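User: Please take a close look at the contacts between chains in the structure below, and connect what you find there to the folding of a single chain. I would like a careful account, including where the model should be read with caution.

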Protein chains: 4
Amino acid sequence: MTLLAALHTTAPPAAPRRRKGERTAERILDAAEALFAERGYAGGKLRDVAARVGLRTPSLYNHFPNKESLYAAVLERGIRPVLDVLTEVVEARERSDRDVRRVVEKTMALVGRRPDIPRLIQHETLSGGLHLTPMLREWIQRTFARAYEMVEASSASSRWTPDQFPLLVLAMYHVFVGYFAIAHVYRDLNGQDLLSERAVAEQTRFFGDLVATLFEEESARDGR
Amino acid sequence: MTLLAALHTTAPPAAPRRRKGERTAERILDAAEALFAERGYAGGKLRDVAARVGLRTPSLYNHFPNKESLYAAVLERGIRPVLDVLTEVVEARERSDRDVRRVVEKTMALVGRRPDIPRLIQHETLSGGLHLTPMLREWIQRTFARAYEMVEASSASSRWTPDQFPLLVLAMYHVFVGYFAIAHVYRDLNGQDLLSERAVAEQTRFFGDLVATLFEEESARDGR
Amino acid sequence: MTLLAALHTTAPPAAPRRRKGERTAERILDAAEALFAERGYAGGKLRDVAARVGLRTPSLYNHFPNKESLYAAVLERGIRPVLDVLTEVVEARERSDRDVRRVVEKTMALVGRRPDIPRLIQHETLSGGLHLTPMLREWIQRTFARAYEMVEASSASSRWTPDQFPLLVLAMYHVFVGYFAIAHVYRDLNGQDLLSERAVAEQTRFFGDLVATLFEEESARDGR
Amino acid sequence: MTLLAALHTTAPPAAPRRRKGERTAERILDAAEALFAERGYAGGKLRDVAARVGLRTPSLYNHFPNKESLYAAVLERGIRPVLDVLTEVVEARERSDRDVRRVVEKTMALVGRRPDIPRLIQHETLSGGLHLTPMLREWIQRTFARAYEMVEASSASSRWTPDQFPLLVLAMYHVFVGYFAIAHVYRDLNGQDLLSERAVAEQTRFFGDLVATLFEEESARDGR
DNA sequence: GATGAATGAGGATTCATTCAT
DNA sequence: AATGAATGAATCCTCATTCAT
């Protein structure tokens with residue numbers, strides 16, 4: 001666009017500036033996400049959420065009707081995109097050995113950018129909760145079933161007995177989620193940041209290798 | 001009962017009867033362990049602990065000076081034996097491929113009987129906590145280092161690059177802990193009890209297979 | 001419009017169209033009246049008032065400076081006409097037995113159309129309040145005195161001793177006010193609407209009969 | 001009891017001193033009754049209740065689980081005895097004209113000692129409430145029906161038409177309750193204490209006269 | 001004139017803790 | 001050792017009110 005054209009243009013900015021309220025709600029969600037990820041629902045005090053945003057507690061109620069709604073909104077916003085990617089990837093019909101690695105890469109990339117999500121989920125599963133998120137509930141069942149099918153269809157069936165499939169799926173789930181959930185402590189203990197781009201890349205590769213190893217044709221292996 | 005008979009029956013029972021106070025303290029620890037395992041430190045209210053024991057809240061203070069001490073005692077009592085077994089097993093000098101499976105079996109057996117412990121630990125790691133248990137802190141570092149050595153010493157070194165060793169240890173940790181931590185929700189979703197003796201036995205075998213697979217010599221594998 | 005015409009048309013229209021703001025204020029008063037009548041000052045939340053009008057709370061402040069003013073305005077608007085009628089009727093010099101019934105009819109007719117007013121008044125008297133309405137205060141004293149005179153002047157003086165006059169006035173007041181104040185519950189309990197035109201008419205007749213009975217010459221009555 | 005006997009006696013004191021907690025609960029009820037009578041449920045703040053008893057707010061929760069329970073307890077404790085007396089008196093089979101006055105005397109005596117009760121009831125009826133007290137609800141309906149029968153059975157039936165009976169009952173109710181409910185304001189306006197023993201006695205006589213007048217045989221009366 | 005957002009004050013309630021019994 | 005009672009601190013939430021838009 002020439003300077004002249006610019007002078008004449010009164011068009012709204014490309015990215016229409018969001019209303020102040022919406023931005024505040026977003027910041028509240030950010031703060032709440034971090035807090036709930038760290039301390040869980042019971043431990044995440046609204047006062048702290050507000051403080052992180054630079055508000056007084058009652059102001060939160062201008063954006064969310066109560067604590068539970070805020071929590072639900074955090075989960076919804078955080079989990080939805082992960083579910084979407086996973087769903088898409090999991091439901092894809094055509095697949096090959098390479099695809100498995102693609103699934104890993106895609107989900108790792110996504111979650112690597114929102115490492116709070118796995119912690120939120122782990123808090124939920126720990127509390128045996130999920131009462132707050134039928135969304136999560138349904139999704140888990142659906143995806144778990146799908147993952148099961150994937151295992152079944154893969155060459156893993158030569159290495160694992162069918163009754164081990166669920167355990168294998170669970171194991172992969174734990175390796176995936178656990179990595180992010182433990183990052184905070186890990187840094188605290190070892191000084192290394194598992195959430196750095198480099199670390200996540202390594203874990204992505206490792207996780208891919210892991211899955212590949214577990215799903216590959218059985219090689220000569222000492223009997224059990 | 002005749003006096004004579006009485007003389008012969010006053011013998012202390014095989015399990016030396018503990019004083020009432022000690023028994024109460026034990027019951028409190030039991031209740032607290034279950035509660036903290038379920039809801040974490042913030043979510044576990046003393047009132048609920050007391051209720052499960054059939055006491056009023058203030059009575060707890062006859063046995064533990066405050067909530068934090070009770071929590072610490074729960075962790076100590078719960079984690080110590082696990083640490084001991086792990087330490088013992090990890091420090092054993094002589095080892096072979098078979099030993100790895102023995103480590104798995106021993107720890108699974110132990111933890112299978114105290115499934116609250118993994119949950120407690122996961123709560124702790126999630127909160128980035130551990131501030132309450134230097135014990136846990138130190139142990140983790142020590143054990144992690146040892147596990148690293150084990151991996152290094154094993155034939156796994158042909159399958160994994162050295163910088164993947166920590167990730168491998170982490171992965172095994174998550175598979176191990178996650179299984180128990182998720183049992184509650186799993187039952188809720190699938191109706192199956194991961195903590196039943198049979199289920200734990202299956203997981204033990206699966207976990208052994210998993211470790212064996214990951215530690216075995218590299219077979220012909222499609223390049224990455 | 002010519003100036004001349006203007007001179008002739010400045011006459012207020014039959015129904016002088018009020019400005020929008022005034023109409024809103026009126027609607028706020030209506031909503032507030034109903035709410036305060038039902039729940040009293042403390043129980044009547046501005047948010048609810050606004051909701052009934054289809055506004056957000058802050059909008060109320062464009063019409064009334066604060067809650068107390070709104071409340072005062074409700075009382076003023078509601079009570080003033082009643083006071084006026086009563087005053088007029090009470091101050092009328094010439095009277096007869098028939099007049100008493102006329103007073104009853106006039107006030108009943110008026111209040112029957114604004115049944116919230118008695119409830120507002122009862123809330124006020126219950127709270128020992130009236131601090132909000134010196135207006136009400138003064139009026140009550142004045143009217144009570146006047147009513148007292150009326151009793152004294154009537155043939156009731158043959159039936160009641162002078163020290164009973166105040167009690168008689170009070171009693172009539174309670175019968176009058178209570179009927180409307182209890183209508184809500186009555187409907188809830190009996191399903192009948194004391195505020196229907198027919199019901200009010202019956203009560204008017206009854207109240208007239210009651211007053212007539214109490215004010216009539218003493219008949220042969222069993223001694224006390 | 002001789003001194004000797006006294007020495008040997010370990011029997012609890014004649015009037016078994018109530019436990020401290022019970023006395024506190026009673027004092028809380030007293031304070032709450034006064035406060036709720038004055039300001040209604042919404043206006044009666046727990047902080048004020050506690051302050052009147054010399055406690056901090058949370059201490060109330062050692063005696064009542066929440067505000068609503070406290071309110072219910074106040075109503076229950078206050079209304080129950082009145083209901084009992086009324087029920088007894090109303091259900092008595094044998095009656096005469098004199099009995100009506102006896103009913104009046106008995107209830108006036110009772111309520112005269114607990115003048116908060118009518119105010120509580122008026123608050124309830126005003127709010128169209130009663131949702132908190134099915135007790136009150138049921139009682140009102142039962143008693144109203146009974147009162148209706150009494151009117152019907154009395155000589156009042158010559159003076160009032162059957163469709164006026166309910167209005168007559170209502171009127172008596174309002175005269176009765178209103179007297180106490182207005183006492184606070186009355187003192188404020190006139191300086192006279194309607195709750196003094198003397199005043200209550202006068203009102204008792206007046207109310208008796210009133211009822212007698214309304215229930216007496218119709219005398220020569222100017223037609224309506 | 002209407003409203004989204006913010007907030008001080010306060011209101012019910014919970015919680016860990018203390019203390020006298 | 002157990003507990004009823006009391007409480008400071010804190011939690012979630014409501015409410016009246018203000019202000020910029």
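Analyst: Copies are compared here by least-squares superposition on the C-alpha atoms of residues whose pLDDT is at least 70 in both. The model is predicted, and every value below is computed from it. With that procedure, chain B is superposed on chain A by a rotation of 180° with 0.0 Å of shift along the axis, leaving an RMSD of 0.1 Å. Such a relation is that of a two-fold axis. Chain C and chain D can be treated in the corresponding way: a turn of 180° and a shift of 0.1 Å along the axis lay chain C on chain D with an RMSD of 0.1 Å. In that pair, 100% of the contact residues of chain C recur in chain D, and the same surface serves both copies. For chain B, 98% of the interface residues are also interface residues in chain A, so these copies too meet through the same surface.

The contact between chain B and chain A draws 44 residues from each of the two chains. On the side of chain B, at least two residues apiece come from helix 2 (20-43), helix 7 (116-126), helix 8 (134-153), helix 9 (165-181), helix 10 (183-190) and helix 11 (197-215). The most is given by helix 9 of chain B, which supplies 8 residues to the side that touches chain A. Sorted by class, this side of chain B divides into 17 nonpolar, 15 polar and 12 charged residues.

Turning to chain C and chain D, the contact takes 45 residues from each chain. The side of chain C that touches chain D has at least two residues from each of helix 2, helix 7, helix 8, helix 9, helix 10 and helix 11 of chain C, and helix 9 of chain C gives the most to it, with 8 residues. By class, this side of chain C has 17 nonpolar, 15 polar and 13 charged residues.

What lies behind these contacts can be followed into the nonpolar cores. In soluble globular proteins, nonpolar side chains tend to be buried together. The largest nonpolar core here has 112 residues, among which A32(C), V175(C), A32(D) and V175(D) touch the most other members. If residues up to four places away in sequence are left aside, V175(C) touches F207(C) and L210(C) in its own chain, together with A171(D), H174(D) and V175(D) across the contact. A second, separate core of 111 residues includes V151(A), A181(A), A183(A) and V211(B).

A glycine gives another local view of the chain C and chain D contact. G43(C) has its place in helix 2 of chain C, and it counts as buried because 20 other C-beta atoms lie within 10 Å. Leaving out residues up to four places away in sequence, G43(C) touches G40(D) and A42(D).

In chain A, helix 10 offers a view of a single element that is covered from two chains. Its buried residues are A183(A), H184(A), V185(A) and Y186(A), and what covers them includes helix 9 of chain A together with helix 7 of chain B. Just after this helix, G191(A) takes a positive phi of about 75°.

The single chain sets the frame for these contacts. Chain A has 11 helices and 0 strands, and buried residues make up 36% of its 224 residues. Among the contacts in chain A with a separation of 6 or more, 64% join residues 24 or more positions apart. The domain assignment divides chain A into domain 1 (19-64) and domain 2 (75-219). These two domains of chain A touch through 6 residues from domain 1 and 6 residues from domain 2. The side of domain 1 of chain A that touches domain 2 has 4 nonpolar, 1 polar and 1 charged residues.

Caution concerns the chain ends in particular. Chain A has a mean pLDDT of 83, and 81% of its residues reach 70 or more. The pLDDT is below 50 over residues 1-7 of chain A, a stretch with 1 contact in the model beyond near neighbours in sequence. It is also below 50 over residues 220-224 of chain A, a stretch with 3 contacts beyond near neighbours.

Methods. Residues numbered from 1 in each chain as written. Chains lettered and ligands numbered in written order. Predicted model: local features only at pLDDT ≥ 70, side-chain atom pairs only at ≥ 80, totals over all residues. Domains from an automatic or database assignment. Contact = placed C-beta atoms within 7 Å. Nonpolar A, V, L, I, M, F, W, Y, C, P; charged D, E, K, R; others polar. Helix = DSSP H or I, 4+ residues; strand = E, 2+ residues; numbered from the N terminus. Buried ≥ 20, exposed ≤ 12 C-beta atoms within 10 Å, placed from the backbone. Core = buried A, V, L, I, M, F, W, Y, C linked by C-beta atoms within 7 Å. pLDDT = per-residue confidence, 0-100.
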